[in-house]
Amino acid sequence: MNSAVRPCPACDGPHADFAFRVRDFDHARCRRCGTVFVTPLPDPQAIETLYLAPDYHGSAEGQEQRMRAEGDARAAILRRFGVRSVLEVGCGPGHFLDACRDLGLQVEGVDRARTAEGPRRRGHTVHEVWFSDFGPPAPRFDAVAMWEVVEHVADPKDILLQARKWLRPGGFLALSTPSSSGLPARALGPRFPMVIPPDHLSLFSRRGLQTLLGAADFDPVRWTSFSGLDRAALSRGFQRFVLGSSLPARAVSAGLALAAEPVARLVDRAGLGTGFEVYAVAR
């Protein structure tokens with residue numbers, strides 16, 4: 001692979017090494033920051049068609065309780081920072097919008113995906129445009145939230161700079177994204193469940209994400225790692241990646257999951273989980 005095909009989307013580093021190939025997409029690992037990214041980029045029209053498909057967000061079915069719990073926790077963190085108004089980019093089915101509204105925060109969403117019809121029906125303001133076309137920008141929000149968004153876009157620095165234009169002075173950017181620095185990504189390589197091109201175009205290392213935030217004039221004030229690996233998820237993982245799905249394998253997986261659950265919590269506390277959750281203040 002030609003290391004100069006495209007610069008690193010996190011740190012703009014010019015040199016990268018071939019990492020692996022998944023679904024006919026080459027992935028490179030930046031020599032400078034360790035971020036993993038698809039190169040060359042897919043056709044933009046193909047990416048747009050993917051997001052507008054009727055079954056996009058289909059993987060979220062059955063996850064409503066977990067997603068609402070995440071939304072509640074994230075909205076509460078922003079309120080503790082003094083946030084009173086939030087713009088969520090890529091709001092999807094709207095669990096975070098619901099959580100913000102229930103805490104008395106003013107909240108709006110931006111999303112063209114069909115799943116955004118749900119929060120519209122529940123009375124939320126959801127702008128049916130791409131974020132790049134939303135505007136004109138005005139500094140009228142205390143926070144912009146991007147949960148599981150930056151890994152999808154071709155130019156993550158550009159979307160962060162756009163977000164900053166919507167923030168009042170001292171406003172917050174809140175985001176989550178898969179990590180290439182965590183133990184799951186390192187152990188599984190191309191089998192890491194977050195390696196799903198062309199849906200995910202970048203898997204950021206901690207160093208790469210820190211560099212990207214700094215380039216967009218954001219300073220992190222809270223940084224955590226998360227995996228969402230409860231006992232059931234761990235059991236499914238052992239079956240999928242190690243033991244198979246036979247009846248004996250299921251029994252062994254259940255036992256291993258019971259033992260691994262406290263270890264997974266320690267991995268998250270060490271910052272080596274599946275993803276990052278970051279809150280950063282605009283300079």
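Trainee: Two strands pair if DSSP finds at least two bridges between them. With that in hand, which residue in strand 2 stands opposite Phe-20?

Mentor: Bear in mind that this is a predicted model, where local features need pLDDT of at least 70, side-chain atom pairs count only at pLDDT 80 or more, and totals for chains, interfaces and linings use all residues. Residues are numbered from 1 along each chain as its sequence is written, and side-chain values use heavy atoms, leaving out hydrogens and water. Strands (E, at least two residues) and helices (H or I, at least four) are DSSP runs numbered from the N terminus, and 6 bridges join strand 1 to strand 2 (residues 25–30) in an antiparallel run. Across from Phe-20 in strand 2 you'll find His-27.

Trainee: Which strands sit at the edges of that open sheet?

Mentor: The sheet has 4 strands in the order 1-2-3-9, paired antiparallel. An edge strand here pairs on one side only, and that picks out strand 1 (16–22) and strand 9 (202–203).

Trainee: OK, over to strand 5. How many of its 5 residues are buried?

Mentor: Strand 5 (residues 106–110) is joined to strand 4 (residues 85–89) by 5 bridges, and the two run parallel. Glu-88 stands opposite Gly-109 of strand 5. Buried means under 20% relative accessible area, exposed over 50%, partly exposed in between (1.4 Å probe, protein chains only). Strand 5 is largely enclosed by the rest of the structure, because the number of buried residues is 4.

Trainee: Glu-108 is in strand 5 too. Which residue forms a salt bridge with Glu-108?

Mentor: A salt bridge needs a side-chain nitrogen of Lys or Arg within 4 Å of a carboxyl oxygen of Asp or Glu. Here the closest N and O atoms are 3.2 Å apart, and the partner of Glu-108 is Arg-140. The pair links distant parts of the chain, 32 residues apart, with the partner in the loop between strand 6 and strand 7 (141–147). Glu-108 is buried at 11%, while the partly exposed partner, at 31%, is Arg-140.

Trainee: And how far apart in sequence are the parts tied together by Arg-122 and Asp-98?

Mentor: Their side chains meet in a salt bridge at 3.0 Å, N to O. Arg-122 lies in the loop between helix 4 (117–121) and strand 6 (125–127) and Asp-98 in helix 3 (residues 95–102), so the separation is 24 residues.

Trainee: Last one: about how much helix separates Arg-66 and Glu-70?

Mentor: Those two form a salt bridge, with the closest N and O atoms 2.8 Å apart. They also belong to a salt-bridge network with Arg-74 and Glu-277. Since they're 4 residues apart in helix 2, the separation is about one helical turn.
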